[in-house]
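Student: I would like a close look at one part of this model, the contact between its chains and the helix involved there. Please take me through that part in one go.

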Amino acid sequence: MTRPQAAIVGVAESDLGRTPDKTVLQLQHQAARAALEDAGLGFGDVDALFCAGSWSWAPNLMLAEYVGIRPKYTDSTNIGGSSFEAHMGHAMAGIKAGLFEVALITYGSTQRSDRSRNRGGYTFKLTEQYEPPFGLPMPVGAYALAATRHMYEYGTTSEQLAEVAVATRKWAAMNEKAMLREPITIEDVLNSRWVAEPLHLLDCCLVTDGGSAVVVTTAERARNARKTPVWVLGHGEAHTHNTIANMPDLATHQAAVASGRDAFAMAGLTPAEIDVAEIYDSFTITVIMTLEALGFCGRGEGGAFVSGQRTAPGGPFPMNTSGGGLSYCHPGMYGIFLLIEATRQLRGECGPRQVEDARIALAHGTGGVLSSGATVILGKD
Amino acid sequence: MPGQIPASMLQQDSDSRPYWEGLAQGELRIQRCNSCSKAVFYPRSICPHCHADQLSWIVASGKGTIYSYTVAHQAFGSFAADVPFVVAIVELEEGARMMSRIVDAPRERVKVGTVVRVTFEQVGEDLTLPYFRLVE
């Protein structure tokens, strides 16, 4: 492993949950201001902007103008919910190349408040012509198709999927920012209504509003930051398909296989060395397939791996310690929140949910319909 | 009558037109690569397997197996009236996979690996979709 050259020095969320009077620009401004404050920096220090969203034809142009910055490097990579783990890798590469010094990564969404908005006038074009006419609700339907295939190939059960939701809720109970904090049982998950078989309502992430921001900078500036630098040790990203019928193997998260392999290789680490894992949990099946893909367990062993509440507080594999997309928040593209929680865990800022002696953290984002994967490995001195 | 999206919401193009026109005539048309011979769906101008640019249209046999499936218990817009309904990824005997609905099938008989055959369902004045039924 070479000496890390980039570090996370600021993280923050905006208001989360339901924010009916806020715009995506206000949420991102709020989160960015707080993240820069966390870093001991200001908007004037930012010379690179990374954001992703479908709220503008060119989100970077709109956001930069709104907050009054003129970045000399900009990146609006959008590969779904994993975009921000990709941004982290791109920011690290740019810093390493000496292209900029202070990168601001932001996200904002008002999807919950927008829910009733009329989608009339939308046309399905290009490669979107072939699936929408069958009426499958997306993205949940695609993940349900993957879950069915995973169950068929490996014998994964609904109870095993439920283990993830139950353990994640236990972490959420210790996070005052989490939207759902009441304990649930495996029976509660199994008794919740079907959304798309084999996924029940409690196998599915929340639908919330929210914004967030992460500040990344050079090793030199990080040493003078307000808080302990969180070093970017490894990164990998990949995408394999866009439509679920074109996913090469519905029981294997191949994008995560590739991104995990590259991230671990860059960091010079192995899965056994990860102290805390933040794994994109759009649905419970996403987590099980990702754990297998990243090598925390063997192929087909994800269900057994999460059984017996092994990922819950006090268990041997602390995972999704914020309460995850399942219980904390999920404003559509959740990946940036994984980086925030991983950073806070490494800084030791997590209060009752703090994982003891956490030195190495992994954040893995999944986007689209298991289409993309991006993995970031973080560490502290 | 299943829920539907008006054909006007589907923006056909020169890749897709033979497919949609085939459905209206009761044919499931897919492509085959002239170079590597693999079946390709959805239609496009490049083979995603070997990147050759010569593909031919073929009429699929319409026979396939259920590769995976789900039963949707909620759906958006006009599709909400259809729930519960079965959506599957069907592996055609030519080798390509496509999304479709499995219709007229008792829930307990829908399984991964079940053999199915295409059926053409006119879901609107100007839109025919390829659904699949279980083969008895």
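Tutor: In this predicted model, helix α4(A) and helix α9(A) cross with a left-handed sense. The contact between them draws on A:Tyr143, A:Ala146, A:Ala147 and A:His150 from α4(A), and on A:Ile285, A:Thr286 and A:Met289 from α9(A). By class, the residues of this contact are five nonpolar and two polar, with no charged ones. As for geometry, α9(A) covers residues 284-294 of chain A, and its axis comes within 9 Å of the axis of α4(A), the two crossing at roughly 55°. An angle over 35 but under 65 degrees falls in the oblique class, and α4(A) and α9(A) are therefore oblique to each other.

Helix α4(A) also belongs to the contact between the chains. That contact takes 28 residues from chain A and 28 residues from chain B. On the side of chain A that touches chain B, the elements giving two or more residues are β5 (124-125), α4 (140-154) and β6 (194-196) of chain A. Of these, α4(A) gives the most, with six residues. Sorted by class, this side of chain A holds 17 nonpolar, six polar and five charged residues.

Strand β5(A) has a further link to the other chain. Two bridges join β5(A) to strand β1 of chain B, residues 10-11, and the two strands run parallel. Within this pairing, A:Lys125 of chain A stands opposite B:Gln11 in β1(B).

To put the part together: α4(A) crosses α9(A) in a left-handed way, and α4(A) gives six residues to the side of chain A that touches chain B.

Key: Residues are numbered from 1 along each chain as its sequence is written. Chains are lettered from A and ligands numbered from 1 in the order in which they are written. This is a predicted model: local features need pLDDT of at least 70, side-chain atom pairs count only at pLDDT 80 or more; totals for chains, interfaces and linings use all residues. Two residues are in contact if their C-beta atoms, placed from the backbone, lie within 7 Å. Helices (H or I, at least four residues) and strands (E, at least two) are DSSP runs, numbered from the N terminus. Ala, Val, Leu, Ile, Met, Phe, Trp, Tyr, Cys and Pro count as nonpolar, Asp, Glu, Lys and Arg as charged, and the others, Gly among them, as polar. Two strands pair if DSSP finds at least two bridges between them. Axes are lines fitted to C-alpha atoms, for helices over the stretch in contact, and angles run from 0 to 180 degrees between N-to-C directions. Angles under 35 degrees count as roughly parallel, over 145 as roughly antiparallel, 65 to 115 as roughly perpendicular and the rest as oblique. A crossing is left-handed if the near helix is turned anticlockwise from the far one by less than a right angle, and right-handed if clockwise.
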